[in-house]
Amino acid sequence: RYHRKPYGTHYVFAQLKDLFPEVRTISDPLYSTSRERFEGQVEAQPVNHVFVNAHFSPDVVSTERLLNWVAAGDNVFIAADDIRGPIAYSLNLDMGVKPWYGDDAVSDIRFIGDPRIADGAFRFSRGFTGAYFTSFDTSHTRSLAVDGSSHPVLLETVWGKGHFVLCSAPMALT
């Protein structure tokens, strides 16, 4: 939230209250806010968690807390070129990279499925690593968007009463 560079969310964070007046921001580590919520120290209403990073790999304790929250009804949006560690293992995720060469390389993202989030292709000319999901649990996960090579880049996974939405193209959000 302090950075103005790519992956930085300074502007979004500054405008959050104007965009979503009911949003309450928390910057504490996952393990501490989890304890407060499950011990009844704060209201236990479902929460939407948003993570936008180049890499996302929370430790075992944070992953367990996140999985418990989602199982209880929270939703998590993770946008990262590289999702690994305990969270990837728990969600049965694996990722690959299709490198983009040259300054004139173009990537596109198309939403798929019903209902479709948006029609058409969204083209991006710079900053994409070409990351995509190579494997995931198809019994609990559906692909929401693909890149120009039909590789999945946006997934929705049902986990208990909540959902994970996973995006392998975080630069599309900056």
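How many nonpolar, polar and charged residues are in the lining of the largest cavity? Keep that in mind as we walk through this predicted model; the answer comes at the second stop.

**Start with the whole chain**

Show the chain as a cartoon. You should find four helices and eleven strands. Of its 174 residues, 36% count as buried. Among contacts with a separation of 6 or more, 62% are between residues 24 or more positions apart. Now switch on the surface: the chain exposes about 10,400 Å², and carbon and sulfur atoms supply 53% of that area.

**The largest cavity**

Rolling a probe the size of a water molecule over the atoms shows where empty space is left. The count comes to one cavity of 30 Å³ or more, and the largest cavity holds about 70 Å³ of space. To find the spot, select S107, F128, G130, A131 and A169, which lie nearest the centre of this cavity among its twelve lining residues. Here is the answer to the opening question: the lining has six nonpolar, four polar and two charged residues.

**S168 and its surroundings**

Next, select S168, in the segment after strand 11 (162-167). Is S168 buried or exposed? With a relative accessibility of 1%, S168 counts as buried, because buried means under 20%. Show its side chain and follow it to the backbone oxygen of A131, 2.8 Å away. Then display the residues around S168: leaving aside neighbours within four places in sequence, its contacts are A80, D81, M95, A131, Y132, F133, P152 and V153.

**D108 in strand 6**

Move on to D108, which is found in strand 6. At 11% relative accessibility, D108 also counts as buried. Which partners does the D108 side chain reach? One is the side chain of R110, in a polar contact at 3.5 Å; another is the backbone nitrogen of G148, at 3.1 Å. Try a distance label between the C-alpha atoms of D108 and F124: these residues are 16 apart in sequence and 5.9 Å apart in space. Beyond its neighbours within four places in sequence, D108 is in contact with A121, F122, R123, V146, D147 and G148.

**The second largest pocket**

Stay with strand 6 for a pocket. The second largest pocket contains about 210 Å³ of space. Its lining has 13 residues, and those closest to the centre are I109, F111, L154, A172 and L173. Colour strand 6 (107-111), strand 7 (121-124) and strand 10 (152-159), the elements that each give two or more residues to this lining. What classes of residue line the second largest pocket? The lining has 13 nonpolar residues, with no polar and no charged ones.

**Backbone details in the loops**

Finish with a few places where the backbone is worth a look. In the loop between strand 6 and strand 7 you will find P115. A cis peptide bond joins D114 and P115, with omega at about -10°.

Now go to N92, in the loop between helix 4 (86-90) and strand 5 (94-97). N92 is not a glycine, yet its phi is positive, at about 55°. With 46% relative accessibility, N92 counts as partly exposed.

For the last stop, select S150 in the loop between strand 9 (141-147) and strand 10. S150 is another residue other than glycine with a positive phi, here near 65°.

How values were computed. Residues numbered from 1 in each chain as written. Predicted model: local features only at pLDDT ≥ 70, side-chain atom pairs only at ≥ 80, totals over all residues. Heavy atoms only, no water. 1 Å grid on protein atoms, 1.4 Å probe; cavity = no way out; pocket = protein on both sides within 12 Å on 5 of 7 lines; lining within 4 Å. Points joined across faces, edges and corners; volume = space filled by probe spheres on them. Nonpolar A, V, L, I, M, F, W, Y, C, P; charged D, E, K, R; others polar. Buried < 20%, exposed > 50% of the residue type's maximum accessible area, 1.4 Å probe, protein only. Polar contact = N/O pair within 3.5 Å; in protein donor to acceptor, adjacent residues only side chain to side chain. Contact = heavy atoms within 4.5 Å. Areas by Shrake-Rupley, 256 points an atom, 1.4 Å probe, with all protein chains shown as cover.
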